[in-house]
Amino acid sequence: MKSRYIILVFFGLFLASCNSGSSLQKYFVENAENKNFIVLDVSPSILNIDKAKLSEEQSKALQSFEKINLLVFKINDKNKAQFEVERAKIGLILKDVQYQQLMKFGSGKEGASVSYVGSDDHIEEFVVFANKKEIGFAVVRVLGKDMNPANIMAMISVLKSSSIDMEQLKPLQELLKK
């Protein structure tokens, strides 16, 4: 009988330790099948980079980069109310203490923000959230391991010299045509 109580206590602690809060990852998964959204995962292979031509700093930055998750809500006449609801949900998620805001520009109704998850020298995720009431919004998650501001700057220089594989972006191009 006593062992049953111990098992129940451990099970209760296990359930209580599970994170039931909102996160962008959860939000992406929950909306992956929603017709108002397009969700796209982009791997580093999209960059088509000749790694032999990279500097040591650029190579290190590329190694810290794992993938990009992109979520786009394109507004139309039928989903304007849903746009407001979804934009508010993203705003609430980004107010969580795990998301540290680097910068914000524009007004609360339109504009963009850049946030990150992790510490200054060990960034796990960069988040760009941009929205405009006539167009919709986009959330970009740049995921990596031990990224830091120097890695991000080096990645920008890598992006400038990359030959992006547009085939991986076809779903996004199709959405934007509509």
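Helices (H or I, at least four residues) and strands (E, at least two) are taken here as DSSP runs and numbered from the N terminus, and in those terms Asn-131, a later stop on this tour, is found in strand β5. The model is a predicted one, in which local features need pLDDT of at least 70 and side-chain atom pairs count only at pLDDT 80 or more, while totals for chains, interfaces and linings use all residues. Residues are numbered from 1 along each chain as its sequence is written, and side-chain values use heavy atoms, with hydrogens and water left out.

**The whole chain**

Begin with the full chain in a cartoon view, where 6 helices and 6 strands can be displayed. Read from the N terminus on, the elements follow the order α-α-β-α-β-α-β-β-β-β-α-α. Colouring by accessibility will separate the buried residues (under 20% relative accessible area) from the exposed (over 50%) and the partly exposed in between, with a 1.4 Å probe and protein chains only; the buried ones make up 35% of the 178 residues. If contact is taken to mean heavy atoms within 4.5 Å, then among contacts between residues at least 6 apart in sequence, 62% join residues at least 24 apart.

**Strands β1, β2, β6 and β5**

Next select residues 37-42 and 65-74, which are β1 and β2; they run antiparallel and are joined by 6 bridges, where two strands count as paired if DSSP finds at least two bridges between them. Val-39 has Leu-71 as its bridge partner in β2, and Leu-71 in turn has Val-139 as its bridge partner in β6, so labelling these three residues follows the DSSP bridges from one strand to the next. Adding residues 136-147 brings in β6, which pairs with β2 in the antiparallel sense over 9 bridges. Beside that, Leu-70 stands opposite Val-140 of β6.

Now add β5, residues 122-132. β5 and β6 are also antiparallel, with 9 bridges between them, and a hairpin of 3 residues connects β5 to β6.

**Asn-131, in β5**

Show Asn-131 as sticks, together with Phe-137, its bridge partner in β6. Asn-131 counts as buried because its relative accessibility is 9%. Its side chain makes a polar contact of 3.1 Å with the side chain of Arg-87; the term denotes a pair of N or O atoms within 3.5 Å, where, within protein, one must be able to donate a hydrogen and the other to accept it, and residues adjacent in sequence count only if both atoms are side-chain atoms. Leaving aside neighbours within four places in sequence, the residues in contact with Asn-131 include Arg-87, Lys-109, Glu-110 and Gly-111.

**Glu-125, in β5**

Move along β5 to Glu-125, which is buried because its relative accessible area is 8%. Select Arg-141 as well, since a polar contact of 2.8 Å joins the side chains of Glu-125 and Arg-141. Beyond its neighbours within four places in sequence, Glu-125 is in contact with several residues, among them Leu-24, Tyr-99, Tyr-116 and Leu-143.

**Leu-143 and Asp-146, in β6**

Leu-143 lies in β6 and counts as buried at 12% relative accessibility. A distance between the C-alpha atoms of Leu-143 and Glu-124 should read 5.9 Å, although the two are 19 residues apart along the chain. Apart from neighbours within four places in sequence, Leu-143 is in contact with residues including Ser-64, Phe-65, Asn-69 and Glu-125.

Asp-146 also lies in β6, but this residue is partly exposed, with a relative accessible area of 48%. Its phi is near 50 degrees, a positive value in a residue other than glycine.

**The largest pocket**

Rolling a probe the size of a water molecule over the atoms shows where empty space is left. On a 1 Å grid over the protein atoms alone, a pocket is an open set of points where a 1.4 Å probe fits, with protein on both sides within 12 Å along at least five of seven lines, and lining residues have an atom within 4 Å of a point.

For the last stop, select Phe-65, Ile-68, Val-142, Met-155 and Leu-159, which lie nearest the centre of the largest pocket among the 20 residues that line it. Which elements supply at least two residues each of this lining? They are β2, β5, β6 and α5 (149-160), and α5 gives the largest share, 5 residues.
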